[in-house]
Amino acid sequence: MNVDAIKEVRFDSGFRLFLLERRGLPVVASVLWYHVGARDELTSETGVSHFLEHMMFKGTHRMAKGTIDLLTSKMGGSNNAFTDNDETVYHFSMASDRWETALEIESDRMRGCLLDPAEFKAEKSVVLEELAMGEDDPWRSALHVAGTLAFQVHPYRLPVIGWKEDLERLSHAGMRAYYDRHYGPNRAFMVVVGDIDAARTEQRVRELFGSIAPSAQARATALTEPEQKGERRAVQRFPGNLSRLVVGVRTCRIGEDDDLALDLLSQILSGGRTSRLYRRLVHGDELATMAQAMNETRQDPGVFWLLVELKPGASREKAEAAVRDEIRTFIARGPTPAEMKRARTQIEAAQQFEQEAVMDVALKIARFESGVPGGYRTLANLAARYRAIDARKVREVAARYFASDRWNVVWSLPTEEAAVGPRGAAPSKRRVSNKRPAAKKTSRKKTGARLAQKASNKKASKKAAKRKALRA
């Protein structure tokens, strides 16, 4: 990506604008990124960021309920949003001769969202139903249990969708206060990519956003997670006949050199049928139907996941032993030249693929600007940085993060079995999260630049059809 072609505009309010002209197709993507997510919630208000995302489509002082989606549909465009641990993001994709309506919508609801009490009450039922649906997903449940083992102080331990008890007692006044604390031009920036005239776009954005006064509070610094001093384990029960293994180890921040090395590690461990975990657990020992690695770095240190879904009746002890053996072998010997070449090729191909759609480009710029020291400009040398990561670095990173006292292990076992899991662990009673199962996670697909994956928003697009109906 030619980062020198990106124009950055800074407003006195703290709002920032990033513009990139791409004239190949008559399409424009706009992304409005708020620095607010689940990490900003108090224990008593978990889930409010995601709930507020829903409410931002429920009308403003100028636009009645349904108008946002109606206008978007009439112009043949699309819109959606997603909430995660570190951010809430709203995005539009429209034809270049009508896309500026997206700017009008975003400027209007930045501080003019109605938050109508009747709509608040109705939408609370929708969010609670979404939470209940997530509880039927064994991977979400297992991943959240593992997350609460890995994070015991940092707010990453909390589910994005929130606790049911918090959502049930959340008041309209509480949401209004949260909106006022966190939504404002000084906690947001916009990226526009596509068939635009940069000068005209800047002028229009100044007209619409320039008069909005800074109102949001500065983001609080999250508590630092203390060093883990021993392996942590849990067992949960889930209906069905399948056993699932989740292993998580805390790692690094998005954009660091370790992050890039972990991307390569994830490709070597599970990037296709020739990967180590697939060859060992699925093809070789025939213990599993799925074995996956996922590098999930965030603005604060994230997690590297290993996930295995066993065949019915397969030995859990053998499966976990096989996973541990593959990690030990990798740490002892490191990756082969062929594995490094294949991993780099997969990452480079994915990076090229991510340049095709203007929305992917806009989200990638936004992800880097939001979470990576140096912002979007670090995209200029990303490919070279991946190529500079050698086998020794990948081996060293694996050894450091997969040290024996850093493992967080969760077994999700069939409810019908006896209540004692591997090694006598007691079943966990922890709550369920909003995290999507990594086995299905094309939303955080293990493509090349993990730095951009999290912003790909396929999580939101999978829910798009349902969300549209629920807003009506």
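In this predicted model, five strands form an open sheet in which the order is β7-β11-β8-β10-β9, and the pairing between them is mixed. As general background, strands of a sheet pair through backbone hydrogen bonds, and they do so in either a parallel or an antiparallel sense. The edges of this sheet are β7 and β9, each of which pairs on one side only, and neighbouring strands are turned by 15° against each other on average when direction is ignored.

At one edge, β7 pairs with β11 in the parallel sense over 7 bridges, and within this region R232 stands opposite N408 of β11.

Two helices can be described together with the sheet, as the table sets out.

| Helix | Residues | Strands involved | Angle |
|---|---|---|---|
| α5 | 138-150 | touches β7, β8, β9, β10 and β11 | about 155° with β7 |
| α10 | 276-284 | lies across β9 and β10 | about 155° to β9 |

Turning to the interior, the largest nonpolar core holds 68 residues, of which V31, V191, L265, L281, F304, L306 and I365 touch the most other members. Helix α13, which covers residues 358-371, gives the most to this core, contributing 8 residues.

Which residues does L265 touch, if those up to four places away in sequence are not counted? The contacts of L265 are then with F304, F330, V394, A398 and F402.

Besides this core there is a second, separate one of 48 residues, and among its members are M56, L103, L170 and M190.

How values were computed: Residues numbered from 1 in each chain as written. Predicted model: local features only at pLDDT ≥ 70, side-chain atom pairs only at ≥ 80, totals over all residues. Heavy atoms only, no water. Core = buried A, V, L, I, M, F, W, Y, C linked by side-chain atoms within 4.5 Å. Buried < 20%, exposed > 50% of the residue type's maximum accessible area, 1.4 Å probe, protein only. Helix = DSSP H or I, 4+ residues; strand = E, 2+ residues; numbered from the N terminus. Contact = heavy atoms within 4.5 Å. Pairing = 2+ DSSP bridges. Axes fitted to C-alpha atoms, helices over the stretch in contact; angles between N-to-C directions.
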